[in-house]
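Please study the sequence and the structure shown here, and keep both at hand while you work through the exercises.

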Amino acid sequence: MRYFLALFIGSIMISVPLAAQMNKIQFSEFDLPNGLHVILYQDKTTPIVAVSVMYHVGSKNENPERTGFAHFFEHLMFEGSDNIGRGEYDKYVQNAGGNLNANTTFDRTYYYEVLPSNQLDLGLWLESERMMHARVDEKGIETQREVVKEERRQRIDNQPYGSILEETFKRAYHVHPYKWPVIGSMAHLEAAQESDYKQFYKDFYVPNNAVLSIAGDIDVDAAKASIEKYFAGIPKSAQPVYRPRVVEPPLMGEIRDTVYDNIQLPAVVQAYRIPAQGTKDYYAVDMVSRILSNGESSRLYKALVDEQQKALFVGNFPLALEDPGVSLTFGITNMGVDVNQLESAIDEQIVKVQNELISEKEFQKLRNQIESEYVTNNSRDAGIAQSLATYYMFFGDANLINNEIDRYLAVTREDIQAAAKKYLVKSNRVTLHYLPKSQENKS
Amino acid sequence: MNYIKSFILLAVLGIASCSPKMAKETSSNDNNASKDFRAMAPKAGPAREIEIGKSTQYTLANGLKVIVVENHKIPEISYQLTIDMDRMQEKEKAGLSDITGTLLSTGTTSKTKSDIDEAVDFIGASMVTNPKGGFASSLTKHSDKILSLFSDVILRPSFPEAEFDKIKTQTLSGLQANKDDPNAISGNVSSALNFGPNHPYGEITNEITVANIKLQDTKDYYKTYFKPGNAYLVIVGDITPDVAKAKAEKYFGSWAAGKTPTYTYPFPKTLDNTAVAFVDKSGAVQSVINVTYPVDIKPGSPDEIPARVMNTVLGSGFAGRLFKNLREDKAYTYGAYSSLNSDELVGSFSASASVRNEVTDSAIVQVLIELNKLKDQPVTTKELELAKSFIYGAFARSLENPQTVANFALNTLMYNLPPDYYQTYLQRLSAVTIDDVARMAKKYITPNKARIVVVGNKDDVYSKLSVFDKEDGKVQLYDIYANPRKDESSTPLSVTANEVVDKYLMAIGGRAKLDAVSSLDQTYSMELMGMAITAHMVQSSGKFHMSMTAPGMSLMKQIYDGDKGQMEQMGQKSTVEGTDLTSMKEQAIIFPERFYGEAGYTLELKGIEDVNGKPAYKIAVTTPGGSKSTEFFDKESFLKVKEVQTAEGQGQTVTNEYGDYKAVDGINIPYTVTISGPMPTPMVMKAETVKVNSNVDPSLFKI
């Protein structure tokens, strides 16, 4: 729970949706007077309900001197509220037979519970307590500071290759807030006062900065009444919510560097700057990544893992972000393979996508796989609740859950080739070699 | 390989989901006097009767029963084939059914494995086969393609020899990994003892049974059991019953009629009194304890739901009594759980935990206390309600997966359940009373007839366990495959440690010959992650060289030149100092056992213990440099068969097993060394060349 690295997955999930013969998701939406946007999707097939709140606050909304707050709140928000005892969120949900989770990205924070549908009000109560008067006090802050430090040690410092996002983004961005990691600076968290945290809560965890998305076995009218009951009394913020408007200039030349880490096998990271999610070119870049690494018959896997055996693992993942993001290629060398050898083998595959139009057959396979993934993705209420909230928050159109596929299907083979030529070029990338620490002191 | 891949994926993607931890601290709102609706958690609404989707059933002319669960939520259709065969005893070929199941989808009369993979990938579908059939799913529009592939692998498998060999090798690697896994050992030994050798559930797959399996056996298995007469094809998803029937007819109608053989087995004998079974795992720092016995509870029996409530109170998740007692209260373990499984032939009860060596007996005491308490005292209303909502939630959430619905339909038919069995499951759940739970506990919780299976470190744990054995007050020893072993440690030994070592030296050639060896040059080959690796080890006049190479590259090199030590990894050199240097120096000694009798060495004969089914003398050795190891010498041949080293401070143990001794210039050298511990699966090193007193290139020792 509470992994900021879920960013990676978040981005993959956002990029997946599309479907040709998908059954239409019939949902309804409305705004409460306090600005809370509500999306309801009724699905009576299973007596469960997913209750979620997405807050439009991620690390990019933070003060550069106080980074890590959005993620820190993901922890604090489990500390309790005026009416919920410290640490009791988990218990309420589990005793009701449900489960819960939360995650933070550069752009937003997401909390959800999946409960038996007769416990809808419990979910609404828990989430409204969190939005209305979460417990932000010195004791909780102290506790969670230690937990977050542990998390940083465990997930980044002590995790082989755990720092790739951080190391990549700080070189890929120089002015945009994506340059600092979601988990933020431990020094900033340490230096921050209780009043800083209270202010951040007041600024961002407000109904006019959130989407309440509910999917599952609900009676729409009854659900609306309960939502009114629990959320209508929460005041909206007095000030407009802060949104950074920073445009990162192009890289203008490859940035290369070496990172020494607690690893055994060297690795190569290539991060290409790509357009924001939802743009036409983004879809083409996303298709390129699928050619390269979707499944064991994909090009990078087949060539580098199966045939040449240069890589133990290799893959390419575009990060769908609100502002222009990156598409990340990551490869771990097989034992005894030089990191440069792997890098040029990866480059070879990219050059191939640039120089040769993909075959009709591979194109069809790509579209088939995309479609299949999408359909499966919308089979669970929790997935539907999240997709609806995401589409509304970042695209202003929750109905994209039904028709984003058209944007993928509009991408031609030529578009794919053009996107590879335009974005997957050296001058537009950061390349990092990850090497074992033991090699750091060689002179 | 897959293990490493998924590990890396997890590391990179950071998606390892982790269950929410229990809050250690709670606070109460009892003094919040507000009548505000917010002050208290809202009450749950009435539980809704769940609609599990109607199923339609047909029987084809060849006897295949088709179950269709129509569900148009998403445009996807899945096909699950289950052959409801009576379990046969595989005996000396245990493992046959699993291997056959995997083999089916690796080739048909018209397609190779890569044809099949490519075809499945192309339509973004999935397909697997197993000993009782298989599963395939795809989007509605590709349904004919996947069904055609699926019927091809089920009806026309080609049993390719190369794939058969590959699967056997993978099975053997899996068994190797399990040999070190105390939970796998506990599971195997518990089933073998609970169900006995004359029951299919009591069989254990091991290296010998896998080696016994021939390609022809898989063909025979297929011929005997892949018959439509006992088979169910469950079709779930975006399809109407009529279309489903037509498809079943088209793709499985040609399957030749026939039924699988029937077998019956007597209910396993239960114990009259509690007995303790022990499996030794040298060097273990934890014991896996399992209080277990067979139970007679059939799927769909009236007892099933109240018994599940009873078991939930005892040991489901972190709300269970076992977890609360052994983890939260005593901190003996990270987790303690119980299970009560229903089964048509014979079910089982199990209460288990992994606990620190020194609290093994205390933990067993607490498990028994909890079992007796449940048997003798009623549960509280709060516990009852909590268990019910836990089951309710899990049941409800599981329904989101259409496969759950499919399984319900299938179970209803296979176990002859009432048609509304699952529809009314939750009503019957909510009707369970405290008295029902008490009745179930009296019937199914029988600690005084349980088997207590402990897998652990014999030196630390064994002697404290006899108090729990009410049969004869003795703990019975077993090997990892549940063969009884005599406890020879209690009988006084007529030899001393030094005598055993002397006999070992005699067995490998005698002191005179060994003393005449001034150099030993050994080359071993092994395979690591698909790469052929060569290890070269040379000892000569107090110097030591070891290198590991893969084709065209050096992986690792260690040199001790009689004074200094050096380590080279992937081209990076470093100087070896301190205790590492001391142990390197000790590695330079040829046949160090020659000096075990001298000052500085401490030997302690710990008794007799089995190594791969044969008794061996177990000797704890401490070198003058302080390195500790436990060495095992075969009781008959006195050859060294095993050596266990524990790295100080790291708790990591490395086990070397020696076998396949061959004479080289009159000296017996092990040609097979199996190393386990640091890697996920053990590594087998085979000697390629062994040279005694050959001309050694002095540059090998150059730093």
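Two exercises on sheets follow, each with a worked solution.

This is a predicted model, in which local features need pLDDT of at least 70, side-chain atom pairs count only at pLDDT 80 or more, and totals for chains, interfaces and linings use all residues. Residues are numbered from 1 along each chain as its sequence is written, while chains are lettered from A and ligands numbered from 1 in the order in which they are written.

**Exercise 1.** Describe the open sheet of chain A, from its order to one residue pair.

Solution. Begin with the order, which is E7-E11-E8-E10-E9 for the 5 strands, with mixed pairing; strands here are DSSP runs of E with at least two residues, helices are runs of H or I with at least four, and both are numbered from the N terminus. Two strands pair if DSSP finds at least two bridges between them. Next, find the edges: E7 (255-261) and E9 (311-318) of chain A each pair on one side only. Then look inside, where E8 (267-273) and E11 (429-436) of chain A run antiparallel and are joined by 6 bridges. Finally, Thr431(A) of E11(A) stands opposite Gln270(A).

**Exercise 2.** Trace the open sheet of chain B to one of its edges.

Solution. First, write the order of the 7 strands, E9-E10-E8-E11-E7-E12-E13, whose pairing is mixed. The edge strands of chain B are E9 (333-341) and E13 (484-485), each pairing on one side only. At the E13(B) edge, 2 bridges tie this strand to the antiparallel E12 (476-478) of chain B, and Pro484(B) is the bridge partner of Tyr478(B).
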